[in-house]
Amino acid sequence: MNRNQKIALGCGGGGCLVLVLLVIVFVVLVFAGLVAAPGLYSATRNSNDNSNYNSNANTNDNLNSNSNSPSSSMSDDDKHKLFQAVGITKDNDLILRVIRKLGFGSGTSNDYQEFVKQHFPWAMKNLGFIQSVNTPEKGRAYVEAHIDD
């Protein structure tokens with residue numbers, strides 16, 4: 001068996017699909033905050049947790065938002081597409097801009113955490129879209145074309 005046949009056998013047996021799924025799981029875990037990614041949100045995220053008898057938690061979401069008002073007119077599908085596309089860019093400023101555009105402030109709210117949880121099932125159903133924005137350049141192009149929708 002030559003090298004090309006071995007590669008084809010590996011992809012044909014589900015090996016490529018497993019690799020794609022692992023990448024998606026990793027991205028979701030990073031956005032959920034369950035896996036630390038170096039530099040992600042490090043300079044832009046500002047949360048302050050205070051624990052006392054009443055267990056109060058305070059979050060500071062005061063970020064300047066020039067033209068990035070939350071878009072309630074976007075469908076959930078469009079929000080997930082924008083979220084997926086920006087994630088591949090690895091551009092922290094652009095990621096934060098999209099998170100604000102989606103109405104999640106700095107990405108520390110419960111609504112944001114719920115959205116991230118819903119993103120994984122969405123991603124499993126939309127592998128074709130994910131493949132269409134599978135490079136930082138393609139992801140950035142998609143975001144720039146759709147961030148003002």
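Is tyrosine 112 buried or exposed, and what is its relative accessible area? Tyrosine 112 is buried, at 1% relative accessible area. The legends below describe close-up views of a predicted model.

**View 1. Phenylalanine 83 and tyrosine 112 form an edge-to-face aromatic pair.** A search of the whole structure finds six aromatic pairs. In this one, the ring centres lie 6.3 Å apart and the planes meet at 70°. Phenylalanine 83 sits in helix H3, and tyrosine 112 in helix H5 (residues 110–125). The pair therefore ties together parts that are 29 residues apart in sequence. Phenylalanine 83 is buried, with a relative accessibility of 2%. Tyrosine 112 is buried as well, at 1%.

**View 2. Phe83, Phe104, Tyr112 and Phe115 make up one aromatic cluster.** The edge-to-face pair of phenylalanine 83 and tyrosine 112 contributes two of its members. Phe104 and Phe115 also belong to the cluster.

**View 3. Phenylalanine 129 and tyrosine 142 form an edge-to-face pair.** Their ring centres are 5.1 Å apart. Their planes stand at 75°, which is over 60 degrees, so the pair counts as edge-to-face. Phenylalanine 129 belongs to helix H6 (residues 127–132) and tyrosine 142 to helix H7. The pair links distant parts of the chain, 13 residues apart. Both phenylalanine 129 and tyrosine 142 are buried.

**View 4. Lysine 81 and aspartate 77 meet in a salt bridge within helix H3.** Side chains of opposite charge can pair when their charged atoms come close. Here the N to O distance is 3.5 Å. Helix H3 spans residues 76–89 and holds both partners. Lysine 81 and aspartate 77 are four residues apart, about one turn of the helix. Lysine 81 is partly exposed, with 21% relative accessible area. Aspartate 77 is partly exposed too, at 29%.

**View 5. Aspartate 91 and arginine 140 are joined by a salt bridge.** The side chains meet at 3.0 Å, N to O. Aspartate 91 lies in the loop between H3 and helix H4 (92–101). Arginine 140 lies in helix H7 (residues 136–146). The pair links distant parts of the chain, with the two positions 49 residues apart in numbering. Aspartate 91 has a relative accessible area of 22% and is partly exposed. Arginine 140, at 30%, also counts as partly exposed. The count of salt bridges comes to two.

How values were computed. Residues are numbered from 1 along each chain as its sequence is written. This is a predicted model: local features need pLDDT of at least 70, side-chain atom pairs count only at pLDDT 80 or more; totals for chains, interfaces and linings use all residues. Side-chain values use heavy atoms; hydrogens and water are left out. A salt bridge is a side-chain nitrogen of Lys or Arg within 4 Å of a carboxyl oxygen of Asp or Glu. Buried means under 20% relative accessible area, exposed over 50%, partly exposed in between (1.4 Å probe, protein chains only). Rings of Phe, Tyr and Trp (its six-membered ring) pair if their centres lie within 6.5 Å; planes under 30 degrees apart count as stacked, over 60 as edge-to-face and the rest as tilted.
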